[in-house]
Amino acid sequence: MNRKRTHGNPEVMVPLTDDDLQRFHRCAPAALDRRGGRFVADELGTALRLFVMGLTPIVGMMQFGWSASQLLCFLLVGAWVSILCDIAKFALLRKAAETFAQSRYDNWHVWVVADALRKGREELPKTQLRAKYRPGAGVLVDVLLGSVSTVVICMSLGKADSGLGMGLLEDRGVLYSLAGLVGYQVLFTAWEIVDHKIGSGKDRGVKIAVGLRGVGLLFLMLLVLVVGNAVGENGPVARAVMLAVNGLVVLFGLFSVAGLWMMRGETAWLRDYLSRRG
């Protein structure tokens, strides 16, 4: 029987059912295989990219006078191009996108149930145990949250930083760089779609991240508002925002490495659990 926690935020708890355990046992070997050496290498590579991506703009702004407004422009344009490319992939490669998403949700289920079994818990939050892939909702989140957040960001920075505006794009180097960014993402997405339609990728899943960019832009909007209030309308808001954003990217990269270390225990437990089951 469902119940709710009465302390903190109310959370619906549901029991582990036989179906949950059957799905866990069915998907556990594949989930364990996905945490092999390639997974560790990919995660370390991602952490290194995040660290470099976050640290490079900070060094550039502080040591070489890079424009924070231009970097922020790149961030917004890149986010929107990614949103549109992911929507295109979902529309044209829906089956492959759902295959990829299902494998990720199977992984999620395995590790959530494994954690419960390790700790002797018979109930879990419904939001964890009954998580479902809803790409339509993700597209809506990207478009709605992304649109509102982008408008608020531009209005806030346009009011606070007089240098932010169309003059930002008068630099031909910025325009060419933006064109390169857009062109690269569009061409790579087009190649990925063609490869899955008629090439060697027909049987593989395709990675999309609908919903995540909208949430990311919402977070950026909140950061702009908080930083704007902190430094005042006459302060260098764009610079403060970009330093904060890229500082968080660096921290996220470091946390990714720490997360790998924390995964060792649950991975070893699942490997031992499956070996004991034969």
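## Notebook: helices and a nonpolar patch

I began with helix H1, residues 18-33: at 1.5 Å a residue, its 16 residues should span 22 Å, and I found the end C-alpha atoms 24 Å apart, which agrees. A reminder to myself: this is a predicted model.

**H1, the kink.** I next looked for a change of direction along H1. There is a kink of about 45° at cysteine 27, and proline 29 comes shortly after the kink.

**H1, the buried side.** Which residues of H1 are buried? I noted Asp20, Arg23, Phe24, Cys27, Ala28, Ala31 and Leu32. An α-helix has 3.6 residues a turn, so residues three or four places apart point the same way. That was handy to keep in mind while reading the list. Cys27 thus appears twice in my notes, once as a buried residue and once as the site of the kink.

What do the buried residues of H1 pack against? I wrote down strand S2 (12-15), helix H4 (94-119), helix H5 (126-129) and H9.

**On to H9.** Since H9 turned up among those partners, I followed it next. H9 has 41 residues, and its first and last C-alpha atoms lie 58 Å apart. The expected value at 1.5 Å a residue is 60 Å, and the model comes close to it. I still found a bend in H9, of about 30°, at methionine 263.

**A nonpolar patch.** On the surface I came across a nonpolar patch made of Leu48, Phe51, Val52, Leu55, Val59, Phe64, Trp66, Phe219, Leu248, Leu251, Leu254 and Phe255. Together these residues have about 1100 Å² of accessible area. Which elements give two or more residues to the patch? They are helix H2 (37-64) and helix H9 (237-277). H2 gives the most, with six residues.

I picked one patch member for a closer look: phenylalanine 255, which sits in helix H9. Buried or exposed? Phenylalanine 255 has 57% relative accessibility, and the cut-off for exposed is over 50%, so phenylalanine 255 counts as exposed.

**Stepping back to the whole chain.** I counted nine helices and three strands. Along the sequence they follow the pattern β-β-α-α-α-α-β-α-α-α-α-α. The chain has 278 residues, and 37% of them count as buried. I also looked up the contacts with a separation of 6 or more: 83% of them join residues 24 or more positions apart. Last, the surface: the chain exposes about 16600 Å², with 63% of that supplied by carbon and sulfur atoms.

Key. Residues numbered from 1 in each chain as written. Predicted model: local features only at pLDDT ≥ 70, side-chain atom pairs only at ≥ 80, totals over all residues. Heavy atoms only, no water. Patch = residues over 30% accessible without salt bridge, like charges linked within 9 Å, V, L, I, M, F, W, Y side chains within 5 Å. Areas by Shrake-Rupley, 256 points an atom, 1.4 Å probe, with all protein chains shown as cover. Salt bridge = Lys/Arg side-chain N within 4 Å of Asp/Glu carboxyl O. Helix = DSSP H or I, 4+ residues; strand = E, 2+ residues; numbered from the N terminus. Buried < 20%, exposed > 50% of the residue type's maximum accessible area, 1.4 Å probe, protein only. Expected span 1.5 Å × (residues − 1). Bend = angle between axes of the 7 residues up to and from the residue. Contact = heavy atoms within 4.5 Å.
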